[in-house]
Amino acid sequence: MDAAFDRRHLWHPYSSMRDPGPVHEVAAAEGVWLELADGARMIDAMSSWWAAAHGHRHPKLVGAMQAQLDRLPHVMFGGLTHAPAVGLARRLVAMLPAGLDRIFYSDSGSVAVEVALKMAVQAQFGLGQAGRTGFASARGGYYGDTWKAMSLCDPVTGMHRHFGAALQVQHFVPRPPIPFGAEWDEDPARNGLAAVEALFAEKAHEIAGFIVEPVVQGAGGMWFYHPRWLAGLRALCDRHGVLLILDEIATGFGRTGTLFAMERAGVVPNILCLGKALTGGMMSFAATVASSRVAEAIAEGPAPVLMHGPTFMGNPLACAAACASLDLLAEGAWPGQVAGIEEGLRHGLAPARGLSGVRDVRVLGAIGVIETQAPVDMVRVHGFCRESGVWLRPFGRLLYCMPPFVARPEEVARICAVMVEIAGWR
């Protein structure tokens, strides 16, 4: 590979074309391992941004895609349909709560969020609430890099604060204050729900929907919060006519130890966003799932059709990969795998708690986080990854991992050892 050409012409995520930083050339991948062009190997502790839940190049996923390639790699979804799209919908309807069954496919998580926001506004129009065009969220959230999604990421600490007034001003409440696993406080002033109640009392007539990542806030801070806050939010949304949108793009399909993180709160949203692990990391693909009430409200509106239609919506190849991925989940090995990873992370990351530069250590399901006092030197970490044999990509003060579910105990232990070593750097 021509590394100089890459450096000169390819814009990698969140990189500068003036000083883009180091990259590693990956030649192959299998299971939890990435093989570099020079023969070095690294454990993919990130599941390639949380998507490769079953590991890389799983034979069942590869086989499903190869078979689909021989029949129908792509066809437009407007006015046409195909068996993989219907088969995937059947699987999703079977695994989701009753009533959450109207499915819109798209090609990325950010677009799934955009679609959810459109659904909410169109549904409010159909319900006779045309003034409800704004949105609310909790600080510390992250919903993607597209325009409307950016406006709902944390406006102060988020990655998109530099866009300032170019983004629509939305409504925010403080992040849920009580950590996951802590004792719940019934006082709304202390559990964070009073802030939601106050916002809705003043502004609910302007708010179409409240979007939040259930239990785990991802790229906005890797914060794990108490499920009772989510249950309280559901009740307040119902009381004030605000549609609840849950973003399970990162947490869905077993990552937190339950199939969906919302299960921990016993909450069902009006609209649900799915992506990342939906295809097992084989293809970029996502889904926005609405309740029948939302779908019927849209049909009653001034524009009775959902006003969105991506070119690659319902791509048969991606649908085939997603069907195979959900079939693997249905085989039932993942709960034990995730529980084993959680145990390994709790044990392996525990030594970081005694380090002077560490603020907190958090583990939930197959997610491990070391929050440091000062920002982590990402360039230094990237250089160390090849040497250590573990691929990590920290951001800000967060050093974290989300290994594939197939990671073995010794591989999880290796990930933890490297994270603890990095956390102890001076």
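In this predicted model, the largest cavity has a volume of about 40 Å³. The exercises below start there.

**Exercise 1. The cavity**

Task: State how many cavities of 30 Å³ or more a search of the whole structure finds, and describe the lining of the largest cavity by residue and by class.

Solution.
- Step 1. The search of the whole structure returns 1 cavity of 30 Å³ or more.
- Step 2. Its lining is read from the residues around the largest cavity: Trp-50, Ala-53, Ile-249, Ala-250, Gly-252, Phe-253, Arg-255, Ala-277 and Phe-405.
- Step 3. Sorted by class, this lining holds 7 nonpolar, 1 polar and 1 charged residues. Gly counts as polar and Arg as charged under the classes used.

**Exercise 2. Positive phi outside glycine**

Task: Trp-50 and Tyr-14 are to be compared by element and burial. In which element does Trp-50 lie, and where does Tyr-14 lie? Is Trp-50 buried or exposed?

Solution.
- Step 1. Trp-50, one of the residues lining the largest cavity, has a phi of about 75 degrees, a positive value, although it is not a glycine.
- Step 2. Its element is helix α2, residues 47-50.
- Step 3. The relative accessible area of Trp-50 is 7%, and buried means under 20%, so Trp-50 is buried.
- Step 4. Tyr-14 also is not a glycine and has a positive phi, near 50 degrees. Tyr-14 sits in the loop between α1 (3-9) and β1 (26-30).
- Step 5. Tyr-14 counts as partly exposed because its relative accessibility is 46%.

**Exercise 3. The second largest pocket**

Task: Give the volume of the second largest pocket and the make-up of its lining.

Solution.
- Step 1. The volume is about 260 Å³.
- Step 2. Residues that line this pocket include Gly-357, Thr-372, Gln-373, Asp-377, Arg-380, Trp-425 and Arg-426. Ala-374, Pro-375, Val-376, Ile-422 and Ala-423 are also in the lining.
- Step 3. The class count for the lining is 6 nonpolar, 3 polar and 3 charged residues.

**Exercise 4. A buried arginine without a salt bridge**

Task: Locate Arg-132. Which side chain of opposite charge is nearest to Arg-132, and which backbone oxygen does the side chain of Arg-132 reach?

Solution.
- Step 1. Arg-132 is placed in the loop between α5 (109-126) and β5 (134-138).
- Step 2. Arg-132 is buried and has no salt bridge; the nearest side chain of opposite charge belongs to Glu-206, 10.0 Å away. A salt bridge needs a nitrogen to oxygen distance within 4 Å.
- Step 3. The side chain of Arg-132 does reach the backbone oxygen of His-240, at 2.8 Å.
- Step 4. Glu-206 itself forms a salt bridge with Lys-203 (3.8 Å, N to O). Lys-203 counts as partly exposed at 25% relative accessibility, and Glu-206 is partly exposed at 29%.

**Exercise 5. Two salt bridges and their span**

Task: State how many salt bridges the count comes to, then set out the pairs Glu-30 with Arg-57 and Glu-342 with Arg-346.

Solution.
- Step 1. Side chains of opposite charge can pair when their charged atoms come close. The count comes to 20 salt bridges.
- Step 2. Glu-30 and Arg-57 meet in one at 3.3 Å, N to O. This pair links distant parts of the chain: Glu-30 is in strand β1 and Arg-57 in the loop between α2 and α3 (59-69), 27 residues apart.
- Step 3. Glu-30 is exposed, with a relative accessible area of 52%, whereas Arg-57 counts as partly exposed at 45%.
- Step 4. Glu-342 and Arg-346 meet at 3.1 Å, N to O. Both lie in helix α12 (residues 334-349), 4 residues apart, about one turn of the helix.
- Step 5. Arg-346 counts as partly exposed, at 45% relative accessibility.

**Exercise 6. A salt-bridge network**

Task: Which residues are linked with Arg-362 in a network of salt bridges, and is Arg-362 buried or exposed?

Solution.
- Step 1. The network links Arg-359, Asp-360, Arg-362, Glu-371 and Arg-397.
- Step 2. Arg-362 belongs to strand β13 (residues 358-364).
- Step 3. With a relative accessible area of 7%, Arg-362 is buried.
- Step 4. The side chains of Arg-362 and Asp-360 are joined by a polar contact of 2.9 Å.
- Step 5. A polar atom of the Arg-362 side chain also lies 3.3 Å from the backbone oxygen of Gly-221.

Definitions and conventions: Residues are numbered from 1 along each chain as its sequence is written. This is a predicted model: local features need pLDDT of at least 70, side-chain atom pairs count only at pLDDT 80 or more; totals for chains, interfaces and linings use all residues. Side-chain values use heavy atoms; hydrogens and water are left out. On a 1 Å grid over the protein atoms alone, a cavity is a set of points where a 1.4 Å probe fits but cannot get out, and a pocket is an open set with protein on both sides within 12 Å along at least five of seven lines; lining residues have an atom within 4 Å of a point. Grid points are joined across faces, edges and corners, and a volume is the space filled by probe spheres set on the points. Helices (H or I, at least four residues) and strands (E, at least two) are DSSP runs, numbered from the N terminus. Buried means under 20% relative accessible area, exposed over 50%, partly exposed in between (1.4 Å probe, protein chains only). Lys and Arg count as positive and Asp and Glu as negative; His and the chain ends are not counted. A polar contact is a pair of N or O atoms within 3.5 Å; within protein, one must be able to donate a hydrogen and the other to accept it, and residues adjacent in sequence count only if both atoms are side-chain atoms.
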